[in-house]
Amino acid sequence: EDAARLLLVAGLANDERRLIINGATGAGVSTGQIVNTIARAFASTELVDFSGSSRQGDPVHLVADMVGADALDWRPRKNLHVELARYVDWFKAGAP
């Protein structure tokens, strides 16, 4: 829903430039947090453990630049972890 709302807001923006907009919370969430949220939604007792080290040349942290979304006065309304769990429910129900 948040992504669809951002696309709508961007499409209605009176801006002829090609917009590049990140739709996110602007707060960092680790890959481990995402993977473990999905694992819990699948009722897995096995959680993923990351070493915390990265390969040489890989970024250690990435957080979405929210400047474009902020300019459109857009903020996500949904909770990421709740929506990931809803996605897993949809998937388990036989998503097309």
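**Figure 1. Ile38 is partly exposed in helix α2**. In this predicted model, the relative accessibility of Ile38 is 30%, so the residue counts as partly exposed (buried means under 20% relative accessible area, exposed over 50%, partly exposed in between, with a 1.4 Å probe and protein chains only). Ile38 belongs to helix α2 (helices are DSSP runs of H or I with at least four residues, strands are runs of E with at least two, and both are numbered from the N terminus). Apart from neighbours within four places in sequence, Ile38 is in contact with Leu84 and Val88 (contact means heavy atoms within 4.5 Å). Tyr87 is 49 residues from Ile38 in sequence, and the two lie 8.9 Å apart in space, C-alpha to C-alpha. Residues are numbered from 1 along each chain as its sequence is written, and side-chain values use heavy atoms, with hydrogens and water left out. As the model is predicted, local features need pLDDT of at least 70 and side-chain atom pairs count only at pLDDT 80 or more, while totals for chains, interfaces and linings use all residues.

**Figure 2. Helices α2 and α4 pack at an angle of about 45°**. Helix α2 covers residues 31–41 and helix α4 covers residues 80–92, with the axes 9 Å apart (axes are lines fitted to C-alpha atoms, for helices over the stretch in contact, and angles run from 0 to 180 degrees between N-to-C directions). The two helices α2 and α4 are therefore oblique to each other (under 35 degrees counts as roughly parallel, over 145 as roughly antiparallel, 65 to 115 as roughly perpendicular, and the rest as oblique). Their crossing, α2 with α4, is right-handed (the near helix is turned clockwise from the far one by less than a right angle; anticlockwise would be left-handed). From α2, the residues that meet α4 are Gln33, Ile34, Thr37, Ile38 and Ala41. Their partners in α4 are Leu80, His81, Leu84, Ala85, Val88 and Lys92. Together, the residues of the α2 and α4 contact comprise 7 nonpolar, 3 polar and 1 charged (Ala, Val, Leu, Ile, Met, Phe, Trp, Tyr, Cys and Pro count as nonpolar, Asp, Glu, Lys and Arg as charged, and the others, Gly among them, as polar).

**Figure 3. Five positions of α2 are shown as its buried residues: Gly32, Asn36, Thr37, Ala39 and Ala41**. Helix α4 is included in what covers these buried residues of α2. Of the residues named in the title, Thr37 and Ala41 also meet α4 in the contact between the two helices.

**Figure 4. Trp90 is partly exposed in helix α4**. The relative accessible area of Trp90 is 44%. With neighbours within four places in sequence left aside, Trp90 is in contact with Ala95 and Pro96. Ala64 is 26 residues away from Trp90 in sequence and 26 Å away in space, C-alpha to C-alpha.

**Figure 5. Ala43 and Asp73 each have a positive phi of about 60°**. Most residues other than glycine have a negative phi. Neither Ala43 nor Asp73 is a glycine. Ala43 follows α2 and sits in the loop between α2 and α3 (67–71). With 63% relative accessibility, Ala43 counts as exposed. Asp73 is found in the loop between α3 and α4, and its relative accessible area of 72% makes Asp73 exposed.

**Figure 6. His61 and Asp65 lie in the loop between α2 and α3**. His61 is exposed, at a relative accessible area of 70%. The C-alpha atom of His61 is separated by 8.2 Å from that of Ser30, 31 residues apart along the chain. Asp65 counts as partly exposed, at 47% relative accessibility. Between the C-alpha atoms of Asp65 and Glu16 there are 21 Å, for a separation of 49 residues along the chain.

**Figure 7. The protein chain, as context for the close-ups, has 4 helices and 0 strands**. From the N terminus on, the elements run α-α-α-α. The C-alpha trace spans about 50 × 40 × 20 Å along its principal axes. The radius of gyration of the protein chain is 17 Å, whereas a compact globule of 96 residues would have one near 12 Å (taken over C-alpha atoms; the globule rule is 2.2 Å times the number of residues to the power 0.38). Of the 96 residues, 15% are buried. Among contacts in the chain with a separation of 6 or more, 72% join residues 24 or more positions apart.
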